[in-house]
Amino acid sequence: METIVCVDYGTSMSKVAVSIDGAPPFPIPLGQCEGDPVKEFLIDSSLLFATDARIYFGTYAVRKSQENLRLPQRRYDSLKGRLTTGDKTELGDVKLPSLLNSTGVEFSIADAMALMFAHIFRLTHDYLRQEYEDGVLGNVSYRFTRPVFNEERGAWVDRHMVCAIAAGLSLEVQLGKSYAGSIDAKDARNLIDQSAKKKNAKYRKISSHGIPEPVAAGILVLSQVPDRRFLSAIVDIGAGT
(Lines give C-alpha, C1' and ligand atoms only; values in the text may rest on other atoms or scores of the structure.)
Protein backbone atom coordinates (compact mmCIF):
# COMPACT_ATOMS: atom_id res chain seq x y z
CA MET A 1 0.00 0.00 0.00
CA GLU A 2 1.40 3.38 -1.04
CA THR A 3 0.14 6.48 0.76
CA ILE A 4 0.83 10.12 -0.12
CA VAL A 5 0.18 12.75 2.55
CA CYS A 6 0.12 16.40 1.46
CA VAL A 7 0.04 19.19 4.04
CA ASP A 8 -1.43 22.59 3.18
CA TYR A 9 0.04 24.73 5.94
CA GLY A 10 -2.03 27.92 6.01
CA THR A 11 -1.72 31.31 7.64
CA SER A 12 -4.81 30.87 9.78
CA MET A 13 -5.98 27.32 8.95
CA SER A 14 -4.24 24.17 7.75
CA LYS A 15 -5.48 20.99 6.11
CA VAL A 16 -4.24 17.64 4.86
CA ALA A 17 -5.13 15.59 1.79
CA VAL A 18 -4.22 11.93 1.33
CA SER A 19 -4.06 9.62 -1.66
CA ILE A 20 -3.87 5.85 -1.22
CA ASP A 21 -2.57 3.60 -4.01
CA GLY A 22 -3.07 6.28 -6.65
CA ALA A 23 -6.73 6.91 -5.86
CA PRO A 24 -8.08 10.50 -5.94
CA PRO A 25 -6.97 12.46 -2.87
CA PHE A 26 -9.37 13.03 -0.01
CA PRO A 27 -9.21 15.50 2.91
CA ILE A 28 -8.50 14.38 6.48
CA PRO A 29 -11.13 15.70 8.95
CA LEU A 30 -8.55 17.33 11.21
CA GLY A 31 -11.06 19.62 12.90
CA GLN A 32 -13.35 16.70 13.58
CA CYS A 33 -10.44 14.72 15.01
CA GLU A 34 -9.74 17.61 17.39
CA GLY A 35 -13.36 17.79 18.46
CA ASP A 36 -13.86 21.24 16.97
CA PRO A 37 -17.63 21.90 16.94
CA VAL A 38 -17.49 24.03 13.77
CA LYS A 39 -14.58 23.08 11.52
CA GLU A 40 -14.55 19.60 10.01
CA PHE A 41 -11.50 19.47 7.76
CA LEU A 42 -9.60 22.56 8.88
CA ILE A 43 -7.36 23.01 11.88
CA ASP A 44 -6.28 26.31 13.44
CA SER A 45 -2.63 27.02 12.60
CA SER A 46 -2.21 28.12 16.22
CA LEU A 47 0.13 27.43 19.10
CA LEU A 48 -0.15 28.68 22.65
CA PHE A 49 2.96 28.70 24.82
CA ALA A 50 0.88 29.17 27.93
CA THR A 51 1.42 30.59 31.40
CA ASP A 52 0.82 27.13 32.90
CA ALA A 53 4.09 26.02 31.25
CA ARG A 54 2.30 23.88 28.66
CA ILE A 55 2.08 24.15 24.88
CA TYR A 56 -1.35 23.87 23.27
CA PHE A 57 -2.10 23.12 19.62
CA GLY A 58 -4.83 24.04 17.14
CA THR A 59 -8.30 24.36 18.61
CA TYR A 60 -6.87 23.46 22.04
CA ALA A 61 -4.68 26.57 21.79
CA VAL A 62 -7.66 28.74 20.89
CA ARG A 63 -9.80 27.40 23.73
CA LYS A 64 -7.07 27.71 26.34
CA SER A 65 -6.18 31.25 25.30
CA GLN A 66 -9.79 32.34 25.82
CA GLU A 67 -10.42 30.70 29.20
CA ASN A 68 -9.99 34.02 30.96
CA LEU A 69 -11.64 36.59 28.69
CA ARG A 70 -10.52 39.44 30.94
CA LEU A 71 -6.90 38.43 30.46
CA PRO A 72 -6.62 36.36 27.25
CA GLN A 73 -3.27 34.79 26.47
CA ARG A 74 -1.36 35.72 23.32
CA ARG A 75 -1.28 32.89 20.78
CA TYR A 76 1.17 32.34 17.97
CA ASP A 77 -1.42 32.49 15.18
CA SER A 78 0.54 33.42 12.07
CA LEU A 79 3.65 31.29 12.10
CA LYS A 80 3.46 30.90 8.32
CA GLY A 81 3.80 34.66 8.03
CA ARG A 82 7.43 34.28 9.07
CA LEU A 83 7.97 32.16 5.97
CA THR A 84 6.13 34.40 3.54
CA THR A 85 7.40 37.84 4.57
CA GLY A 86 10.23 37.41 7.08
CA ASP A 87 13.96 37.73 6.52
CA LYS A 88 15.57 34.69 4.92
CA THR A 89 17.51 33.67 8.01
CA GLU A 90 17.98 30.35 9.79
CA LEU A 91 14.75 29.90 11.73
CA GLY A 92 16.45 27.68 14.27
CA ASP A 93 18.42 30.74 15.37
CA VAL A 94 15.34 32.96 15.83
CA LYS A 95 13.93 32.60 19.33
CA LEU A 96 10.29 33.10 20.15
CA PRO A 97 9.83 36.47 21.89
CA SER A 98 8.57 36.45 25.47
CA LEU A 99 5.37 38.13 24.22
CA LEU A 100 4.50 34.81 22.52
CA ASN A 101 6.15 32.42 24.95
CA SER A 102 5.05 32.41 28.59
CA THR A 103 6.31 28.92 29.42
CA GLY A 104 9.73 29.93 30.75
CA VAL A 105 11.34 27.45 28.33
CA GLU A 106 13.20 28.67 25.26
CA PHE A 107 11.94 27.71 21.79
CA SER A 108 12.86 28.84 18.30
CA ILE A 109 10.60 29.45 15.33
CA ALA A 110 11.91 26.20 13.84
CA ASP A 111 10.87 24.42 17.05
CA ALA A 112 7.39 25.93 16.82
CA MET A 113 7.01 24.70 13.25
CA ALA A 114 8.14 21.20 14.24
CA LEU A 115 5.60 21.16 17.09
CA MET A 116 2.77 22.27 14.81
CA PHE A 117 3.59 19.62 12.22
CA ALA A 118 3.92 16.94 14.90
CA HIS A 119 0.36 17.72 16.00
CA ILE A 120 -0.96 17.68 12.43
CA PHE A 121 0.74 14.36 11.70
CA ARG A 122 -0.49 12.80 14.93
CA LEU A 123 -4.09 13.62 13.96
CA THR A 124 -3.55 12.43 10.40
CA HIS A 125 -1.81 9.18 11.29
CA ASP A 126 -4.32 8.30 14.00
CA TYR A 127 -7.21 8.86 11.59
CA LEU A 128 -5.63 6.70 8.89
CA ARG A 129 -4.89 3.90 11.36
CA GLN A 130 -8.49 4.00 12.55
CA GLU A 131 -10.09 4.04 9.09
CA TYR A 132 -7.74 1.74 7.17
CA GLU A 133 -5.67 -1.36 7.71
CA ASP A 134 -2.28 -1.16 9.42
CA GLY A 135 -0.41 -1.16 6.12
CA VAL A 136 -1.70 2.31 5.26
CA LEU A 137 1.36 3.81 7.01
CA GLY A 138 3.83 1.21 5.83
CA ASN A 139 4.93 3.15 2.75
CA VAL A 140 4.22 6.85 3.19
CA SER A 141 5.63 9.87 1.38
CA TYR A 142 4.96 13.48 2.32
CA ARG A 143 4.39 16.57 0.23
CA PHE A 144 3.60 20.14 1.12
CA THR A 145 2.18 23.28 -0.45
CA ARG A 146 3.58 26.76 -0.41
CA PRO A 147 2.70 30.15 -1.91
CA VAL A 148 4.02 31.15 -5.31
CA PHE A 149 7.38 32.84 -4.70
CA ASN A 150 10.34 33.91 -6.76
CA GLU A 151 13.06 31.30 -7.12
CA GLU A 152 15.20 32.52 -4.21
CA ARG A 153 12.48 32.69 -1.56
CA GLY A 154 10.85 29.56 -2.91
CA ALA A 155 14.06 27.59 -2.37
CA TRP A 156 14.47 29.05 1.13
CA VAL A 157 10.89 28.19 2.10
CA ASP A 158 11.19 24.68 0.63
CA ARG A 159 14.31 24.01 2.69
CA HIS A 160 12.75 25.15 5.94
CA MET A 161 9.47 23.33 5.27
CA VAL A 162 11.28 20.06 4.56
CA CYS A 163 13.34 20.45 7.74
CA ALA A 164 10.25 21.30 9.82
CA ILE A 165 8.26 18.37 8.42
CA ALA A 166 11.14 15.96 9.09
CA ALA A 167 11.42 17.28 12.64
CA GLY A 168 7.65 17.06 13.09
CA LEU A 169 7.54 13.46 11.87
CA SER A 170 10.36 12.50 14.21
CA LEU A 171 8.76 14.34 17.12
CA GLU A 172 5.31 12.86 16.46
CA VAL A 173 6.70 9.39 17.13
CA GLN A 174 7.93 10.57 20.55
CA LEU A 175 4.66 12.12 21.71
CA GLY A 176 3.30 8.89 23.17
CA LYS A 177 -0.20 7.45 23.22
CA SER A 178 -1.39 9.76 26.01
CA TYR A 179 -0.84 12.91 23.94
CA ALA A 180 -4.06 14.89 23.67
CA GLY A 181 -3.50 18.33 22.16
CA SER A 182 -1.06 19.79 24.68
CA ILE A 183 2.32 19.00 26.16
CA ASP A 184 4.45 20.17 29.07
CA ALA A 185 6.95 22.73 27.77
CA LYS A 186 9.98 21.09 29.42
CA ASP A 187 8.94 17.71 28.04
CA ALA A 188 8.53 19.28 24.60
CA ARG A 189 12.02 20.79 24.82
CA ASN A 190 13.54 17.42 25.70
CA LEU A 191 11.61 15.59 22.98
CA ILE A 192 12.61 18.14 20.34
CA ASP A 193 16.26 17.74 21.31
CA GLN A 194 15.99 13.95 21.22
CA SER A 195 14.10 13.79 17.95
CA ALA A 196 16.58 16.12 16.24
CA LYS A 197 19.06 13.25 16.21
CA LYS A 198 16.57 11.03 14.35
CA LYS A 199 15.00 13.42 11.85
CA ASN A 200 17.56 12.75 9.11
CA ALA A 201 15.93 9.36 8.50
CA LYS A 202 12.68 11.16 7.62
CA TYR A 203 14.07 13.31 4.79
CA ARG A 204 13.87 10.57 2.17
CA LYS A 205 10.09 10.42 2.67
CA ILE A 206 9.56 14.14 1.97
CA SER A 207 9.40 15.85 -1.40
CA SER A 208 12.18 18.43 -1.66
CA HIS A 209 9.99 20.99 -3.44
CA GLY A 210 6.67 22.46 -2.40
CA ILE A 211 3.60 22.36 -4.64
CA PRO A 212 2.35 25.91 -5.40
CA GLU A 213 -0.88 26.36 -3.48
CA PRO A 214 -3.11 27.20 -6.48
CA VAL A 215 -1.88 24.05 -8.22
CA ALA A 216 -2.53 21.92 -5.14
CA ALA A 217 -6.05 23.35 -4.77
CA GLY A 218 -6.75 22.60 -8.41
CA ILE A 219 -5.51 19.04 -8.14
CA LEU A 220 -7.71 18.33 -5.12
CA VAL A 221 -10.84 19.81 -6.67
CA LEU A 222 -10.41 18.63 -10.24
CA SER A 223 -9.49 15.10 -9.19
CA GLN A 224 -13.12 14.70 -8.14
CA VAL A 225 -14.42 15.58 -11.63
CA PRO A 226 -15.00 12.81 -14.20
CA ASP A 227 -12.49 12.77 -17.06
CA ARG A 228 -13.35 15.38 -19.65
CA ARG A 229 -11.76 18.30 -21.43
CA PHE A 230 -12.47 21.74 -20.06
CA LEU A 231 -10.68 24.94 -19.06
CA SER A 232 -10.39 25.84 -15.38
CA ALA A 233 -8.98 28.80 -13.48
CA ILE A 234 -7.94 28.50 -9.83
CA VAL A 235 -7.81 31.74 -7.82
CA ASP A 236 -5.97 31.56 -4.50
CA ILE A 237 -6.62 34.78 -2.55
CA GLY A 238 -4.79 33.52 0.54
CA ALA A 239 -3.68 35.70 3.46
CA GLY A 240 -5.78 33.81 5.95
CA THR A 241 -8.97 33.66 3.89
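Student: In which helix is Cys33 found?

Tutor: This is a predicted model, in which local features need pLDDT of at least 70, side-chain atom pairs count only at pLDDT 80 or more, and totals for chains, interfaces and linings use all residues. Residues are numbered from 1 along each chain as its sequence is written, and side-chain values use heavy atoms, with hydrogens and water left out. Helices are DSSP runs of H or I with at least four residues, strands are E runs of at least two, and both are numbered from the N terminus. By that numbering, Cys33 is found in residues 30–34, which form helix H1.

Student: Is Cys33 buried, partly exposed or exposed?

Tutor: Buried means under 20% relative accessible area, exposed over 50%, and partly exposed in between, with a 1.4 Å probe and protein chains only. Cys33 has a relative accessibility of 31%, so Cys33 counts as partly exposed.

Student: How are the rings of Tyr9 and Phe117 arranged?

Tutor: Rings of Phe, Tyr and Trp (its six-membered ring) pair if their centres lie within 6.5 Å, and planes under 30 degrees apart count as stacked, over 60 as edge-to-face and the rest as tilted. The centres of Tyr9 and Phe117 are 5.1 Å apart and their planes stand at 55 degrees, so this pair is tilted.

Student: Which residues form one aromatic cluster with Tyr9 and Phe117?

Tutor: Phe117 also forms a stacked pair with Phe121, at 6.1 Å centre to centre and 25 degrees between the planes. Phe117 and Phe121 are 4 residues apart in helix H4, and are therefore separated by about one helical turn. The cluster that holds Tyr9 and Phe117 is completed by Phe121 and Tyr142.
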